[in-house]
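Here are some questions a newcomer might ask about the labels used for this predicted model. Each reply sets a value against its cut-off.

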Amino acid sequence: MVGETREALASVRRSQNQRFAAIGVALAIALGQMAWFGPPAFAAVPAAEVIAHDDVAADFLTRQFLRSVFTLRVRVWPDGQPIHIFVLDDNDAVHAAFCLDVLGTYPYILRRTWSRMTFTGTGLVPVRVGSIEEMRRRVESTPGAVGYRPVSPPSIPSAEMDLQEAGT
Amino acid sequence: MNRQGLLIGWIGLCLLTPLDVHGLDLEIHGAMAQGFVSSSGNNLLGPSIQGSNDLFEVALNARTAPIPELLISAQLMARKAGSSDTGELRLDFAQLDYQLYTALDRGAGLRLGRLKNPYGFYNDSRDVVFSRPSITMPSAVYFEGDGLRDLFFASEGAQFYAHWRGQSYASDLVVGVARDFDATEDFQRSLAQSSLDGRVEIRDFALAQWMNEWAGGRYRGGLSYLTAGVLFERNPDGSGPFDRLLLDADIWVLSLQQQSPRSTLTFEYRYSVVGSQPALSGDAESSGEGAYLQYRRLPSANWSWYTRYNLNFQDRGDRDGRDFAAATGQPRHSRFSRDHVLGVDWTPDSHWGLFAEFHYTDGTADVSSQENQGRELKRHWQALILMLAYQF
């Protein structure tokens, strides 16, 4: 009787181990698949672009480095100047466009990263501004500052002039 | 320091935050939370069977960057959690973080001081309820119920960190070591109602974490490793019940997360091996494991709900505890825990939060014996935890 019970328990344990192993394998496959995912699809014409203070070299404003900047992994530009980040509200369309088009992420992911970092003390938190105008003003006047602005749609002056000439 | 004194001091410091201290660009943050626990079957974080408000946390931190590459930050914390934390004010962490190297796609730095331990997704942000995955940390990975929170949270030593990124991924690596330190006071604090007659030392502490992100952060995954020795021995004057007991722990954690606009799905698995000299209860080495799966839904920016299934096994080879019961005559349910959790958070603005969490648990592996001295533990039990919190 005892032998049978032991046998039953051993087989339960084996099936539990098998279950754990199966879960482990499934997760390993899922993780492997995730490695193939690329960044989110970008809009053909970006609706927002990065802006920075005059003393920030344009070479520094690469997509890779901006991602590190906005996820608070770096506090200084490569030349050693401190970084000051300005952002609009999470719900702002320009903020969303900047996150998607330039950073390749989403506002909600940045927000969660920043919440995690507010208390960990490993980085200084972005300053939220109330408007695009305030953004422009603060980025222009703060050394080492970085922010963004909407990209105005390209105008088509040549087509208008052709029409005018044809009319006269 | 009693709770009122702490509250008054904390409010006083809140009022100081607009000040620019000595021309330094000093950034100050704080948080406070009051909890209420009600449970049936076993006590949790206080005498909760009768209803307990013995759960209180307050934290205050400050940071500044005197030169751009150097960030100095420190946090004071007081925490009352039934008999597993006394409410004494302590230095939670104090760190100097120096960015050694910053290139466009990678960087590296060094941290020194009393440093938070990166372990799993949430160990280094467990200090405030707003950045925890739930009111209570998942016991499968984070060992909160054992009163080891302070020992786990931070260690005194050095950490080297590096990050690098490619087109669609970003990686973070941290490697740290801590000096041998006397943990007797920490243990005393976590055994508030009983005293420790002897000395406790943590030695050979080291950790490493490799964390990755893909698709702009939509997927995160990583591996954490922590190793430490815990030495229990007699007092210097020769008194005390321990002759000498050395525990030697190795812990591995696998962490995976998927983030969507309205939800997150998180899975973490912990495998730990503890060796002891001399061997405890016939085994020189025992290996435990735990895992949890948590789904959080965020219908709006102001509120979210979550559900978690959390498993904890003291011994992988004896998950149902029958061998243990046969060998020791003690109930087998102390060797496992299957915890079903449901919670909801309401954060109407960036300062206030109201949190509620319900547990239905099968097993008492996570039940604190200090909290339940002199009573028989119940295998199936439930708990409701509420917390009101404020941060700035």
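Q: Which residues of α2(A) are buried?
A: They are Q64(A), F65(A), L66(A), R67(A), S68(A), V69(A) and F70(A). Buried means under 20% relative accessible area.

Q: Why is helix α2 of chain A called largely enclosed by the rest of the structure?
A: The helix spans residues 63–70, and 7 of its 8 residues are buried, so the label fits. Just after α2(A), L72(A) has a positive phi of about 60°.

Q: Why does S304(B) count as buried?
A: Its relative accessibility is 6%. The cut-off for buried is under 20%, so S304(B) qualifies. S304(B) sits in strand β14 of chain B, residues 303–313.

Q: What makes the link between S304(B) and R296(B) a polar contact?
A: Their side chains are joined at 2.6 Å. The limit for the N or O pair is within 3.5 Å, so the pair passes on distance.

Q: How do you know that D204(B) is exposed?
A: Exposed means over 50%. D204(B) reaches 55% relative accessibility, so it counts as exposed. D204(B) belongs to strand β9 of chain B. With D180(B), D248(B) and E285(B), it forms a patch of negative charge on the surface.

Q: Why is L96(B) called partly exposed?
A: Its relative accessible area is 42%. Partly exposed lies between the 20% and 50% cut-offs, so the term applies.

Q: What surface patch includes L96(B)?
A: L96(B) is part of a nonpolar patch with about 770 Å² of accessible area together. L96(B) lies in strand β4 of chain B. That strand gives the most to the patch, with 4 residues.

Methods. Residues are numbered from 1 along each chain as its sequence is written. Chains are lettered from A and ligands numbered from 1 in the order in which they are written. This is a predicted model: local features need pLDDT of at least 70, side-chain atom pairs count only at pLDDT 80 or more; totals for chains, interfaces and linings use all residues. Side-chain values use heavy atoms; hydrogens and water are left out. Patches are made of residues with over 30% relative accessible area and no salt bridge: like charges are joined within 9 Å, nonpolar side chains (Val, Leu, Ile, Met, Phe, Trp, Tyr) within 5 Å. Accessible areas come from the Shrake-Rupley method with a 1.4 Å probe; for residues, only the protein chains shown count as cover. A salt bridge is a side-chain nitrogen of Lys or Arg within 4 Å of a carboxyl oxygen of Asp or Glu. Lys and Arg count as positive and Asp and Glu as negative; His and the chain ends are not counted. The place of a charge is taken as NZ of Lys, CZ of Arg, CG of Asp or CD of Glu. Helices (H or I, at least four residues) and strands (E, at least two) are DSSP runs, numbered from the N terminus. Buried means under 20% relative accessible area, exposed over 50%, partly exposed in between (1.4 Å probe, protein chains only). A polar contact is a pair of N or O atoms within 3.5 Å; within protein, one must be able to donate a hydrogen and the other to accept it, and residues adjacent in sequence count only if both atoms are side-chain atoms.
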